[in-house]
Amino acid sequence: MEHIETSSVTPTPLFEELDVNKLSNECQQLLQTLPREKWWDGCYLYLYHGFWFRPQALQGILLFQKHFQAEEDDVFIITVPKSGTTWLKALTFAITNRKDCPLPQSPLLTSNPHQLVYSMCRIVYMCRNPVDRFISLWHFVNLNRLEPLKQDSLEAGLEMMCREVEGYGPFWRHVLGYWKLSKERPGKVLFLKYEDLKEDIIPHLKSLAEFLGISFSEEEERQGMMEEIAKLCSLDSLRNREVNVNGKHKFVGIKNSSLFRKGEVGGWVNNVNPSMVEKIENLIEEKLSGSGLSFKMSCNYTKTKLGDNQAST
């Protein structure tokens, strides 16, 4: 992969209102034609091809559509934001490079996973239950703003999520699109759930390696290679490394530490009022009905009838 010089790159603030005059003329003209809504963090989102984007993301999408051409052996790591992206990148890097980079000398010990994994045409997709994901996103945005968010923006954001207005969303369209694709083309799309990896990561590491075409050998399994990778890439291990405690993303300026919060399943129960819980549960049931997809909403509670009468997490 071609080396990109980063020393002169000025980070682009993700969570402050952007001066649209800094965007390309093509993007500026397009923005004038698109529906927009002010999001809960005060910035505008624009509706493009059925999904909501910030202006700077939209400019990147236009460039991608014009110039990117996938290769047969590429692997894309795709998630809705705050669904375990950093974790999944670390796991994928450790699995694919275990022959060349022994785990005790892994670049993951000194580099953030986002600096190591670019685009690797197969797709590894991971999703997370929508409420935990949103709470994580709210805290992530708050940690990377110059001015802290108002507390009422959390409930406002949940309301917007229910109205299907959110960055890179609607969530349901994003997730269900890849869920259906994984059923239609299982050899090309691997669909993972954050909660499943948190419950028992080893079988999912094995599935991920097989999907990537670099299965663990019997010898590696006997030596505990999967357990070592799980340990190297655990959220606790990643968050406590110097690069992730004090480092920043070179291109967008976010704090690496903001990528790692609690990583719990069901932590949303401490942030959402009962009336909103009921509204969200009804929405999940409506959106997933008949799909076969379901979400584990907490460590002790699974709404098993969400999505399909035979569905299980």
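This is a short walk through some salt bridges and one pair of packed helices. Keep in mind as you read that the model is predicted.

Let's start with charge. Side chains of opposite charge can pair when their charged atoms come close. In this structure there are 12 such salt bridges, and we will visit a few of them.

Our opening stop is Arg98, which forms a salt bridge with Glu220. Here the closest N and O atoms are 2.8 Å apart. Are these two residues buried or exposed? Both Arg98 and Glu220 turn out to be buried. The pair also belongs to a wider arrangement, as Arg98, Lys99 and Glu220 are linked in a network of salt bridges.

Next, find Glu199, which forms a salt bridge with Lys296. The closest N and O atoms of this pair lie 3.6 Å apart. This bridge links distant parts of the chain, with the two positions 97 residues apart in numbering. Glu199 sits in helix H8 (residues 194-199), while Lys296 belongs to the segment after helix H14 (274-288). What about their surroundings? Glu199 has a relative accessibility of 57%, so it counts as exposed, the cut-off being over 50%. Lys296 has a relative accessible area of 14%, which is under 20%, so Lys296 is buried.

Now move to Glu221, whose salt-bridge partner is Lys206. Their closest N and O atoms are 3.5 Å apart. This pair, too, links distant parts of the chain: Glu221 is in helix H10 (residues 218-222) and Lys206 is in helix H9 (residues 201-211), 15 residues apart. Glu221 is partly exposed because its relative accessibility of 32% falls between the cut-offs of 20% and 50%. Lys206, at 33%, is partly exposed as well.

Lys206 leads us on to the packing of its helix. Two packed helices are described by the angle between their axes and the distance between the axes. H9 packs with helix H11 (residues 225-232) at an angle of about 105 degrees, and their axes are 10 Å apart. An angle from 65 to 115 degrees counts as roughly perpendicular, so H9 is roughly perpendicular to H11.

Which residues make this contact? From H9 come Ile201, Ile202, Leu205 and Lys206. From H11 come Met226, Glu227, Ile229 and Ala230. Sorted by class, the contact has 6 nonpolar residues, 2 charged residues and no polar ones. Lys206 therefore appears twice on our walk, as the salt-bridge partner of Glu221 and as part of the contact between H9 and H11.

Methods
Residues are numbered from 1 along each chain as its sequence is written. This is a predicted model: local features need pLDDT of at least 70, side-chain atom pairs count only at pLDDT 80 or more; totals for chains, interfaces and linings use all residues. Side-chain values use heavy atoms; hydrogens and water are left out. A salt bridge is a side-chain nitrogen of Lys or Arg within 4 Å of a carboxyl oxygen of Asp or Glu. Buried means under 20% relative accessible area, exposed over 50%, partly exposed in between (1.4 Å probe, protein chains only). Helices (H or I, at least four residues) and strands (E, at least two) are DSSP runs, numbered from the N terminus. Axes are lines fitted to C-alpha atoms, for helices over the stretch in contact, and angles run from 0 to 180 degrees between N-to-C directions. Angles under 35 degrees count as roughly parallel, over 145 as roughly antiparallel, 65 to 115 as roughly perpendicular and the rest as oblique. Contact means heavy atoms within 4.5 Å. Ala, Val, Leu, Ile, Met, Phe, Trp, Tyr, Cys and Pro count as nonpolar, Asp, Glu, Lys and Arg as charged, and the others, Gly among them, as polar.
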